[in-house]
Amino acid sequence: MCPARLHLGRPVLIEVAGIDGSGKTTLVERLRGHLNQRGHHAYYRAWPSTYKRIAADLAHPIPWQEFFGADQIETAAAFENLAAVHHHLAPLDHARQVIITDTYTVRWLATAALNSADPEPLAALYASLRAPDLSLWLDLDPGAARERVLSRPSRDHLTTTRDTGRIARYAQAFAATAGLVPYHRHRVDASAPPGQVAAEAARLLDGLLN
Ligand SMILES: Nc1ncnc2c1ncn2[C@@H]1O[C@H](COP(=O)(O)OP(=O)(O)OP(=O)(O)O)[C@@H](O)[C@H]1O
Ligand SMILES: [Mg+2]
């Protein structure tokens, strides 16, 4: 018996970005359902930084930014991010595979800017990554996003409840770094009901996959 043929085509890559509470996780789940129903294999991937957690641990109890400097850690994390993406996207990707991530260039640059690092050298590093086939920007007013996070059943976002200005500063960081992203971000109105947000995203995706 012969083994099944390996499909070496590259997977479709979808980036979903937005401030905390803009509805990324909600949209990712709906898109996965939509795609899987249509015979694709849709996966969610997050590429979180281990280096930052190590830095935070080593610097504890002071914030890591004060101990190491934001540029140093953000650069280290950028190389870690490149390695993670190469590791997951390069080998043996099956046909009809769709990877949806909420950790990619748009978010990494905004997070670095939020942490007061210089995003430009990092943008040069991330330019070496493939552009996503579709990049969705969930556009939501920071006040509305904060309300959503606070009313989320899990109430898991401790940093948001402690640091009241974080989401607004994050929104500014996303705006400030938008010009450094080397591909088009599709704006999606994230204040619409979840079904409408998902339908708009699915329409863009279907146009891409068909
Ligand atoms: N379009 C929407 N309209 C109203 N409420 C929504 C919408 N999308 C998501 N929500 C609700 O808002 C809350 C935050 O959504 P979600 O967890 O998907 O955001 P997120 O962007 O993944 O946040 P985080 O960055 O903190 O992970 C959840 O309780 C979710 O049910
Ligand atoms: Mg989420």
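**Figure 1. Helix 4 and helix 6 pack against each other in this predicted model.** Helix 4 covers residues 70-89, and helix 6 covers residues 119-126. Their axes lie 10 Å apart and form an angle of about 15°. Because of this angle, helix 4 is roughly parallel to helix 6. The crossing of the two helices is right-handed. Helix 4 makes the contact through Glu-74, Thr-75, Ala-78 and Leu-82, and helix 6 through Pro-121, Leu-122, Leu-125 and Tyr-126. Sorted by class, the contact of helix 4 with helix 6 has six nonpolar residues, one polar and one charged.

**Figure 2. Helix 5 crosses helix 6.** Helix 5 is made of residues 105-114. The axes of helix 5 and helix 6 come within 9 Å and cross at roughly 160°. Helix 5 is therefore roughly antiparallel to helix 6. Helix 5 passes helix 6 in a right-handed crossing. On the side of helix 5, the contact involves Thr-105, Trp-108, Leu-109, Ala-112 and Ala-113. On the side of helix 6, Pro-119, Leu-122, Ala-123 and Tyr-126 take part. The contact of helix 5 with helix 6 counts eight nonpolar residues, one polar and no charged. Ser-116 is located in the loop between helix 5 and helix 6. Phi of Ser-116 is near 65°, which is a positive value in a residue other than glycine.

**Figure 3. Helix 2 makes a contact with helix 4.** The axes of helix 2 and helix 4 cross at roughly 145° and come within 8 Å. Thr-50, Tyr-51, Lys-52 and Ala-55 of helix 2 meet Ile-73, Ala-76, Ala-77 and Glu-80 of helix 4. Five residues of the contact of helix 2 with helix 4 are nonpolar, one is polar and two are charged.

**Figure 4. A cis peptide bond joins His-60 and Pro-61.** The omega angle of this bond is about 10°. Pro-61 belongs to the loop between helix 2 and helix 3. Helix 2 spans residues 50-59, and helix 3 spans residues 64-68.

**Figure 5. Five strands form an open sheet.** Strands of a sheet pair through backbone hydrogen bonds, either parallel or antiparallel. In this sheet the pairing is parallel, and the strand order is 2-3-1-4-5. Strand 2 (41-45) and strand 5 (186-189) are the edge strands, and each pairs on one side only. From one strand to the next, the twist averages 25°. Strand 2 runs parallel to strand 3 (residues 97-101), and five bridges join the two. One bridge can be picked out by its residues: Ala-42 has Val-98 of strand 3 as its bridge partner.

**Figure 6. A shell of 17 residues surrounds ligand 1.** The closest residues to ligand 1 are Gly-23, Lys-24, Thr-25, Thr-26 and Arg-148. Three elements give two or more residues each to the shell around ligand 1: helix 1 (24-37), helix 7 (142-151) and helix 10 (194-209). Helix 1 provides the largest share of this shell, three residues. By class, the shell around ligand 1 contains six nonpolar, seven polar and four charged residues.

Technical notes: Residues are numbered from 1 along each chain as its sequence is written. Chains are lettered from A and ligands numbered from 1 in the order in which they are written. This is a predicted model: local features need pLDDT of at least 70, side-chain atom pairs count only at pLDDT 80 or more; totals for chains, interfaces and linings use all residues. Axes are lines fitted to C-alpha atoms, for helices over the stretch in contact, and angles run from 0 to 180 degrees between N-to-C directions. Helices (H or I, at least four residues) and strands (E, at least two) are DSSP runs, numbered from the N terminus. Angles under 35 degrees count as roughly parallel, over 145 as roughly antiparallel, 65 to 115 as roughly perpendicular and the rest as oblique. A crossing is left-handed if the near helix is turned anticlockwise from the far one by less than a right angle, and right-handed if clockwise. Two residues are in contact if their C-beta atoms, placed from the backbone, lie within 7 Å. Ala, Val, Leu, Ile, Met, Phe, Trp, Tyr, Cys and Pro count as nonpolar, Asp, Glu, Lys and Arg as charged, and the others, Gly among them, as polar. Two strands pair if DSSP finds at least two bridges between them. A residue is near a molecule or strand if its C-beta atom, placed from the backbone, lies within 6 Å of it.
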